[in-house]
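Okay, thanks everyone for squeezing in. I'll put the structure up and talk through a few places in it.

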Amino acid sequence: MTMAKREGNRGDERVVPAAGKTGPGKRGEGGSLGSAGPRPLKVGRRDLLALGVAGLLSGAAYAFLRENPRGAPLLRPPGAQDEGEFADRCLRCLACVRACMTGCLEPAGREFGVDRFLTPRFNPALAKCEFELCGRACAKACPVGAIGLPPDREVRIGVAWVDRDRCIAWRDGKDCLVCHERCAYQAIEPDGRGRPRVLEERCTGCGACQNTCVTCPDPAIVVYPASMVPRSGGGGRRRGRL
Amino acid sequence: MRARKPTQKREARRTLHYTRRSVQLAFLAAFLLLAWAASYPPSRYLRENFFLRVDPLGALSAFMRASALLPLWPAMALLLLTFLSGRFFCGWICPLGTVLEMIPSPLRLKKRRMEGIRPRGVDGAVLLPGARRPRVKYLLLLALLVLLPFGVNLLWLFDPLVIAHRSAVQVFTGSLPLLFLGLLVLALAAGPRFWCQEVCPLGALLSAAGWAGRGLREDKALLSLVKDEAACVHCGRCALACPFWITEVADTGRSGRLLAFDCALCGECLEACPADGALSLVSLGRRIAVSTGPCKPSESGGRRRDDPTCQWEGMSPSFEGAGDGEQTRTKGPGRGG
């Protein structure tokens with residue numbers, strides 16, 4: 001291919017000599033010159049189909065992923081940015097879910113709405129969070145920094161809360177302190193009558209208590225996000241279900 | 001006049017195709033390996049999922065809201081390479097694109113690819129003016145980027161690397177990657193690369209980066225598809241072979257670096273081209289692959305009518321006249337002049 005050959009343009013050079021300045025949004029830029037006069041804009045089948053696909057995807061997401069206000073509390077991985085920023089930043093690639101050591105993370109279900117669907121959810125029912133042992137695998141896996149790396153003592157995933165209507169120690173006076181025994185932070189201490197009480201300032205929300213609670217089918221001690229903790233213990237005022 | 005044997009030609013053709021397939025599959029395997037190896041304990045060597053870091057859309061969305069600057073360099077590097085060459089990422093690397101490209105396409109779709117090409121006479125003159133198309137993907141990209149500062153992050157629905165990674169994790173953990181399955185169905189119904197070419201916002205961003213580098217000549221560009229219009233016989237095989245359904249290669253009347261910004265530089269057109277030296281892949285002015293074949297343009301330019309292998313391949317009704325010598329010869333100059 002010689003230069004002379006290359007410049008010896010034939011073909012539609014005869015039809016239209018000048019190349020219009022075109023952007024990437026226009027068809028036929030650069031090499032493919034328009035015909036004489038401006039080329040008409042024509043919406044083709046493929047454009048309509050592309051519009052349909054994009055519209056259908058986002059439309060379906062917003063139509064079918066309605067937030068269910070009675071949904072379970074949405075706990076985030078340890079060190080996550082505060083909820084608003086986290087939901088904005090998270091790409092929902094599930095890298096953290098894959099990276100978790102204990103398998104305590106799961107993609108949030110559709111009951112959390114379109115803004116949170118498929119974002120990582122810490123579910124203590126699956127496992128407790130071992131943020132002091134795993135080296136923050138989830139935070140290191142996150143490609144957009146939605147999960148930060150604060151020091152261990154500043155991690156506060158949520159706060160445990162005892163449902164006194166369900167807890168067998170509170171309700172039936174049984175001799176059960178499994179949650180107290182399991183807690184690594186001495187955040188659950190028995191009161192004078194051997195009933196568990198949560199010391200909120202010590203609780204990290206690691207979920208060990210909830211994970212180990214013997215009450216069936218739902219645990220009587222539940223970790224809530226710090227902003228969602230019910231004010232008092234039980235009395236039919238539980239805010240969520242699991 | 002060098003005459004090549006068809007067998008030689010075929011061998012030469014397969015080389016680029018298989019090279020690209022190998023590269024694609026290697027990247028797909030690397031992607032899956034990285035996604036797999038990301039489980040606990042973290043591997044000593046595969047520390048980060050590079051595919052997620054190289055994603056300019058993810059980096060952009062993080063950058064727009066992050067207080068701290070994130071390590072954006074892989075994404076910047078990809079944008080720079082795209083600026084210097086074109087949208088090679090889609091044709092050679094993207095794991096989602098690789099999977100979609102393996103989807104067989106129904107034959108009836110083949111006819112439709114030709115719709116964007118302006119019909120030409122035997123002498124190569126354009127018979128009818130073509131039409132511009134609005135490109136939905138650019139609008140979609142714009143909409144996604146505009147929505148980002150308002151806290152609406154729809155990248156999880158549209159970013160191919162995020163979709164691919166999420167689907168891989170979902171498969172590993174035994175749940176159903178619904179969006180991925182939907183894309184497979186879309187590829188079956190509308191063509192393997194329909195998503196990549198018409199919807200994908202990352203593809204649109206990379207196309208735009210390629211457009212920004214349109215001023216580079218082929219001796220400055222890292223990778224470019226170069227056409228020699230003088231050698232082209234206007235048979236349309238390049239448009240039929242293109243997995244991205246780009247018709248510019250066939251449609252253009254110019255020689256030199258093709259400025260088709262949707263081109264993923266995969267080289268399938270080059271392999272399908274029956275004209276010696278009409279298409280080549282060039283890196284920094286050095287040819288790395290070139291089309292070979294028996295076809296030569298006739299003395300007057302345009303395709304020779306005596307050789308059936310070099311005739312127009314198009315199947316669109318509007319082109320049927322273009323294959324007929326008598327008809328087009330009378331029509332061509334009339335319209336063109």
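So, to start: is the crossing in which H4(B) passes H13(B) left-handed or right-handed? Have a look while I set it up. And keep in mind, please, that this is a predicted model.

Right, the two helices. H4 of chain B covers residues 73-84, and H13 of chain B covers residues 201-212. Their axes come within 7 Å, with a crossing angle of roughly 50°. That angle is what makes H4(B) oblique to H13(B). And the answer to my opening question is right-handed, for H4(B) passing H13(B).

Who's touching whom there? On the H4(B) side you've got B:Leu78, B:Leu79, B:Thr82 and B:Phe83. Those meet B:Leu205, B:Leu206, B:Ala209, B:Gly210 and B:Ala212 from H13(B). Sort the contact of H4(B) with H13(B) by class and you get seven nonpolar residues, two polar ones and no charged ones.

Okay, staying in chain B, let's go to the sheet. It's an open one with four strands, in the order S2-S1-S3-S4, and the pairing is antiparallel. Which strands sit at the edges? Those are S2, at 256-257, and S4, at 286-290, both in chain B, and each of them pairs on one side only. As a reminder, strands in a sheet pair through backbone hydrogen bonds, in a parallel or an antiparallel sense.

Let me walk across it from the S2 end. S1 of chain B is residues 224-227, and it pairs with S2(B) over two bridges, antiparallel. If you want a landmark, find B:Lys227, which is opposite B:Gly256 in S2(B). Next step over, S1(B) and S3(B) run antiparallel and are joined by four bridges. The landmark here is B:Leu225, opposite B:Leu281 in S3(B). Then S3(B) to S4(B): four bridges, antiparallel once more. There, B:Val282 is the one facing B:Arg287 in S4(B).

That last pair is also a hairpin, with two residues between S3(B) and S4(B). In the turn, B:Leu284 has a positive phi of about 50°.

Let me stay on S3(B) for a second. How many of the five residues of S3(B), 279-283, are buried? Five of the five, so the strand is largely enclosed by the rest of the structure. In a regular strand, side chains alternate between the two sheet faces. You can follow that here: B:Leu279, B:Leu281 and B:Ser283 point one way from S3(B), while B:Ser280 and B:Val282 point the other way. Residues on both sides are buried, serines included.

Now over to chain A. How many helices and strands does chain A have? Eight helices and six strands. Going from the N terminus, the elements run α-α-α-α-β-β-α-β-α-α-β-β-α-β. Chain A has 242 residues, and 52% of them are buried. If you take the chain A contacts with a separation of 6 or more, 63% are between residues 24 or more positions apart.

Here's one residue to click on in chain A: A:Glu85, in helix H3, residues 83-89. Its relative accessible area is 22%, which puts A:Glu85 in the partly exposed class, given that buried means under 20%. A:Glu85 and A:Ala146 are 61 residues apart along the chain, and their C-alpha atoms are separated by 7.8 Å.

Last bit, backbone oddities. I'll do the cis peptides, then the positive phi values.

In chain A, the bond joining A:Cys216 and A:Pro217 is cis, with omega about -5°. A:Pro217 is in the loop between helix H8, 208-212, and strand S6, 221-224. In chain B, the cis bond goes from B:Tyr40 to B:Pro41, and omega is near -5°. B:Pro41 is in the loop between helix H1, 6-37, and helix H2, 50-53.

For positive phi outside glycine, go to A:Leu94, with phi near 70°. A:Leu94 is in the loop between H3 and helix H4, 95-99, of chain A. Buried or exposed, A:Leu94? Buried, at a relative accessible area of 4%. Over in chain B, B:Leu265 has phi near 55°. B:Leu265 belongs to the loop between S2 and helix H16, 268-272, and B:Leu265 is buried, with a relative accessible area of 4%.

That's what I wanted to show. Over to you.

Definitions and conventions
Residues numbered from 1 in each chain as written. Chains lettered and ligands numbered in written order. Predicted model: local features only at pLDDT ≥ 70, side-chain atom pairs only at ≥ 80, totals over all residues. Heavy atoms only, no water. Axes fitted to C-alpha atoms, helices over the stretch in contact; angles between N-to-C directions. Parallel < 35°, antiparallel > 145°, perpendicular 65-115°, else oblique. Left-handed = near helix turned anticlockwise from the far one by under 90°. Contact = heavy atoms within 4.5 Å. Nonpolar A, V, L, I, M, F, W, Y, C, P; charged D, E, K, R; others polar. Pairing = 2+ DSSP bridges. Buried < 20%, exposed > 50% of the residue type's maximum accessible area, 1.4 Å probe, protein only.
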